[in-house]
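I opened my notebook to look up two things here: how some strands pair, and where enclosed space lies.

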Amino acid sequence: MSGRFAPRPTRTTVRGGHVVVPGGTPGGMPGGLPRQAAGPGHVRTWTPAGPLDLGLVLGPLRRGPGDPTFRTTSDGSTWRTSRTPAGPGTLRVALRGGVVRGEAWGPGAEWLLDRLPDLLGAADDPEAFEPRHRLIALARHRRPGLRLVRTGLVMESLIPSVLEQKVTTDEAYRAWRLLVRKFGEPAPGPAPERMYVIPAPRTWALIPSWEWHRAGVDDKRAATILRAVRVAARLEEAVGFDPVQARRRLELVPGVGPWTSAEVVQRSHGSADSVTVGDLHLPGIVGYALAGDRDADDSVMLELLEPYAGQRHRAARLILLAGRTPPRRTPKMPRTDIGLL
């Protein structure tokens, strides 16, 4: 029975990149095909070589349910915005009958469509992964459409990752939402309401200190982002490096450490091996799932993941998606909104 039904989403599976993409409603065309949006857009179709689950592949790019750069709609579409080297763009992706249809608008439309297969994991090789634990094998069996996303963009993952340092996810998501909506620009094309493109590096650099404060971002995280956007062009060059070299480049920015650099290259490079260290919860989740050790630290987690060398991030994602977490025995981390101080 365990293999017949997908597990219900939990907070942990959501963190593992689980986003529900509706299968279509009577408001859309038959079979979940989205209505054609008003206004011409660039279109590309692509047929993946194997199973593909859009919610799992694109899920790590969503920063909370109110993310202004990411939306799923009832017609079965996933929308996202990006600031590409060619300019801002909006991308809508839908999957029907095993065929992906991408439609894009704005100056960055062609750039987004050129890289649509890579975004959806065409360069990923899930067959290279060999489960060595029953829990991971079951998670993989239940999630055959899991592929690792690759955006080819650094700053759009680096800035929200910095915002997530040392705070609760709710605080980080709120800060991202407020800052992008206030300083970003409306999404090109017929995107859903209240979707925005992230600010340009110059715009981030000009955000007044009180606006960071109102968004609940402390001086340390704000300063890290300001240092990063000043060298944004050099950081974007890292997409041409392998993940290890890219992380070295990112960590040259004071305030960007191993936790943050791993979170970035997992998305920008589709890195299958860049497991996140320095996380408050992940070692305990991995330790509990694989060895019943809820008190595992980074060294224990890395030892448990050693059989998956080269695929450690994929193994950690499957553990998160399995949803097996240690029972809570301490209160949740308190939320501190410095914007109210």
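I began with the pairing of β4 and strand β5 (residues 99–105): 7 bridges join them, and they run antiparallel. This is a predicted model, so I read every entry below as computed. I looked for the partner of V93 and found it opposite G102 in β5. The hairpin of β4 and β5 has 2 residues between the strands, and G97 takes a positive phi near 60° there.

Next I turned to the other neighbour. Strand β3 (residues 78–84) is joined to β4 by 7 bridges, again antiparallel. T81 has T90 in β4 as its bridge partner. β3 and β4 also form a hairpin, with 2 residues between them.

Is β4 buried or exposed? I noted that 8 of the 10 residues of strand β4 (residues 87–96) are buried, so the rest of the structure largely encloses it.

Then I checked for cavities. I found 3 of 30 Å³ or more. The largest has a volume of about 110 Å³. Its lining has 14 residues, and L61, T69, R80, E156 and W176 lie nearest the centre. β3 and α6 (155–163) are the elements that give two or more residues to this lining. The largest share, 3 residues, comes from α6. By class I logged 6 nonpolar, 3 polar and 5 charged residues.

The second largest cavity holds about 70 Å³ of space. Its lining includes R80, S82, L91 and W111. Here β3 and α3 (109–114) give two or more residues each. I logged this lining as 5 nonpolar, 2 polar and 3 charged.

Notes
Residues are numbered from 1 along each chain as its sequence is written. This is a predicted model: local features need pLDDT of at least 70, side-chain atom pairs count only at pLDDT 80 or more; totals for chains, interfaces and linings use all residues. Side-chain values use heavy atoms; hydrogens and water are left out. Buried means under 20% relative accessible area, exposed over 50%, partly exposed in between (1.4 Å probe, protein chains only). Helices (H or I, at least four residues) and strands (E, at least two) are DSSP runs, numbered from the N terminus. Two strands pair if DSSP finds at least two bridges between them. On a 1 Å grid over the protein atoms alone, a cavity is a set of points where a 1.4 Å probe fits but cannot get out, and a pocket is an open set with protein on both sides within 12 Å along at least five of seven lines; lining residues have an atom within 4 Å of a point. Grid points are joined across faces, edges and corners, and a volume is the space filled by probe spheres set on the points. Ala, Val, Leu, Ile, Met, Phe, Trp, Tyr, Cys and Pro count as nonpolar, Asp, Glu, Lys and Arg as charged, and the others, Gly among them, as polar.
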